[in-house]
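Here is a friendly walk through the side-chain interactions of one protein model. Take a look at the sequence and the fold before reading on.

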Amino acid sequence: MSQPLYPSDELLTKIADKWGTPVYVYYAPQIQRQCRALKKAFAHYPTEIFYAVKANSNLSILGLLKEQGYGADVVSIGELERALAAGITAENIVYSGVGKRFEEIRRAIEVGIRSFHVESLQELKQIGALTDQLSQTARISFRINPDIDAQTLPYIATGMHGTKFGIPEGDLEMALGIYQEYSKLQLVGLSCHLGSQITESRVFRAAGERLARICESLRKKSIELEFLDLGGGLAVQYDDENVLDVEEYAKALTEPLTGTGVKLFLEPGRWLVAESGHLVTRVLYTKQTPKKEFIIVDASMTELIRPALYGAKHPVHVLGKATPTFDLSDSKALFASLAQTREGAVDIVGPVCESGDFLIQDHWMTSPHPGDLISFRVSGAYGMSMASHYNSRPLPAEVLADKDSALVIRRRQSLESLWSDEVSVGESL
Ligand SMILES: Cc1ncc(COP(=O)(O)O)c(C=O)c1O
């Protein structure tokens with residue numbers, strides 16, 4: 001397992017000084033490396049890759065993935081429009097999600113996406129009815145819920161009965177019956193997505209075997225498919241996980257498909273972008289309480305909710321000392337008598353008014369000082385895309401960095417835009 005490529009501390013510090021904190025920095029060479037490695041691992045099998053936009057939906061990141069030849073897996077009209085705006089063509093877009101709305105489906109039919117991954121019998125009827133109404137065809141796959149335990153966190157496990165995702169295999173006959181009612185639907189594939197942050201190759205293999213078996217049973221009914229989409233889910237290392245090697249992952253997915261004659265589709269998100277991301281934050285204060293030492297920083301659960309939501313642990317990296325140009329530049333002198341350097345377990349927390357607002361708990365470190373910069377690594381996936389405005393906090397800036405250069409790809413949200421949709425609306429019933 002090779003180490004991720006990191007931007008230098010010097011570059012991260014320059015970015016923080018110039019554009020302020022908290023700031024997300026994505027390191028382009030790392031994303032490009034992951035893209036190349038994934039394609040190489042699957043080079044022996046006909047494969048098409050659709051990046052899961054939900055992991056990080058910034059237009060420039062989508063543009064970078066498009067340059068690498070990746071399509072997009074979307075789950076809402078917002079993601080669909082983003083992917084199109086980034087120049088990803090409709091035939092390179094697949095659409096998953098249990099709650100596709102009428103107008104979302106209509107737009108996706110109109111632009112001619114590659115496939116709807118259909119997640120319920122009613123959704124199937126809705127898409128069928130719209131194809132008739134619009135007199136346009138739609139390619140579909142059935143997203144199967146194979147009832148396989150992904151051995152991951154409950155909130156990100158999606159392939160078991162008891163979750164809302166997909167069509168149970170037992171309902172397949174009924175789905176085929178509905179499918180026959182609509183002449184403009186084309187069943188071109190099967191899909192499944194078992195969950196995220198999966199570390200066991202047998203889980204991926206089981207999914208491949210299941211879909212390959214269903215594909216054969218459809219062939220006996222004279223239904224020839226174009227693809228089997230095995231979703232995303234490959235884990236990255238945040239803490240001490242034993243993650244899979246990408247070649248091992250490729251083997252587990254492709255071996256069961258050998259001989260089926262169908263293409264493999266993939267929908268990776270996390271694995272492509274997570275390790276490129278650094279949430280850079282500045283220490284505001286430190287505080288010793290009778291039970292704990294707190295390091296209070298200017299990032300919070302509103303920028304990175306994974307620790308609060310899943311107990312996720314992001315690697316903490318203290319950036320080499322630099323001269324801060326921020327407004328508490330004299331804080332070291334100001335707090336000298338209160339901020340002592342000691343080693344021990346600390347909680348790094350944000351300014352949000354929740355005790356659940358922590359970025360890491362019981363983390364052993366030499367306590368930093370006000371003004372120091374800390375980066376939370378491996379935060380390129382499900383970081384900014386899950387950010388919120390809670391406590392009326394503007395969304396942070398995002399920066400795309402290369403070896404020696406950096407570009408703002410989303411400016412820090414202005415305060416006024418926090419309420420610009422609320423004032424002078426003047427609409428009433
Ligand atoms: C349908 C679907 N495909 C792909 C993904 C991407 O998963 P990951 O980021 O773990 O690769 C997800 C994430 O939840 C998903 O729901």
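The report below covers salt bridges, nonpolar cores, aromatic pairs and charges over rings.

Please keep in mind that this is a predicted model.

**Salt bridges**

Let us begin with the charged side chains, where the count comes to 22 salt bridges. Three of these pairs are set out here.

| Pair | N to O distance | Accessibility class |
|---|---|---|
| arginine 205 and glutamate 255 | 3.0 Å | both partly exposed |
| glutamate 216 and arginine 219 | 3.0 Å | both partly exposed |
| glutamate 303 and arginine 393 | 3.1 Å | both buried |

What does the salt bridge between arginine 205 and glutamate 255 tie together? Arginine 205 belongs to helix α8 (residues 201-220), while glutamate 255 sits in the loop between α9 (246-254) and β10 (263-266), so their pairing joins parts that are 50 residues apart in sequence. Relative accessibility is 27% for arginine 205 and 39% for glutamate 255.

Helix α8 also holds glutamate 216 and arginine 219, which are three residues apart and therefore separated by about one helical turn. Here the relative accessibility is 30% for glutamate 216 and 25% for arginine 219.

The salt bridge of glutamate 303 with arginine 393 links distant parts of the chain, 90 residues apart. Glutamate 303 is in the loop between β12 (293-297) and α11 (306-310), and arginine 393 is in the loop between β16 (373-377) and β17 (397-401). Both glutamate 303 and arginine 393 are buried.

Salt bridges can also join into networks, and one such network links Glu48, Arg114, Glu226 and Lys263.

**Nonpolar cores**

Turning to the interior, the largest nonpolar core has 104 residues. Those with the most contacts inside this core are Phe116, Ile140, Phe142, Leu190, Tyr249 and Ile348. Helix α8 gives the most to the core, contributing seven residues. Why does the core lie between domain 1 (28-273) and domain 2 (275-415)? Because both domains give residues to it.

Isoleucine 140 is worth a closer look. Apart from its neighbours within four places in sequence, isoleucine 140 is in contact with residues that include Phe116, Val118, Leu124, Ile127, Tyr179 and Leu187. There is also a second, separate core of 13 residues, with Leu12, Val25, Leu373 and Val399 among them.

**Aromatic rings**

Among the rings, the count comes to six aromatic pairs. Phenylalanine 42 and tyrosine 249 make an edge-to-face pair, at 5.6 Å centre to centre with 80° between the planes. This pair spans 207 residues of sequence, from the loop between α2 (28-41) and β2 (47-52), where phenylalanine 42 sits, to helix α9, which holds tyrosine 249. Both phenylalanine 42 and tyrosine 249 are buried.

Tyrosine 95 and phenylalanine 116 pair in another way: their ring centres are 6.0 Å apart and their planes lie at 20°, so this pair is stacked. Tyrosine 95 is in strand β4 (residues 93-95) and phenylalanine 116 in strand β5 (residues 115-118), so the pair connects parts 21 residues apart in sequence. Tyrosine 95 counts as buried at 1% relative accessibility, and phenylalanine 116 counts as buried at 1% too.

Ring pairs also join Phe42, Phe204 and Tyr249 into a cluster.

**Charges over rings**

Finally, some arginines meet aromatic rings. The charged end of arginine 306 sits over the ring of tyrosine 238, 4.4 Å from the ring centre. Likewise, arginine 377 places its charged end over the ring of tyrosine 6, 3.8 Å from the centre.

Technical notes. Residues numbered from 1 in each chain as written. Predicted model: local features only at pLDDT ≥ 70, side-chain atom pairs only at ≥ 80, totals over all residues. Heavy atoms only, no water. Salt bridge = Lys/Arg side-chain N within 4 Å of Asp/Glu carboxyl O. Helix = DSSP H or I, 4+ residues; strand = E, 2+ residues; numbered from the N terminus. Buried < 20%, exposed > 50% of the residue type's maximum accessible area, 1.4 Å probe, protein only. Core = buried A, V, L, I, M, F, W, Y, C linked by side-chain atoms within 4.5 Å. Domains from an automatic or database assignment. Contact = heavy atoms within 4.5 Å. Phe/Tyr/Trp six-rings, centres within 6.5 Å; stacked < 30°, edge-to-face > 60°. Lys NZ or Arg CZ within 6 Å of the ring centre and 35° of its normal.
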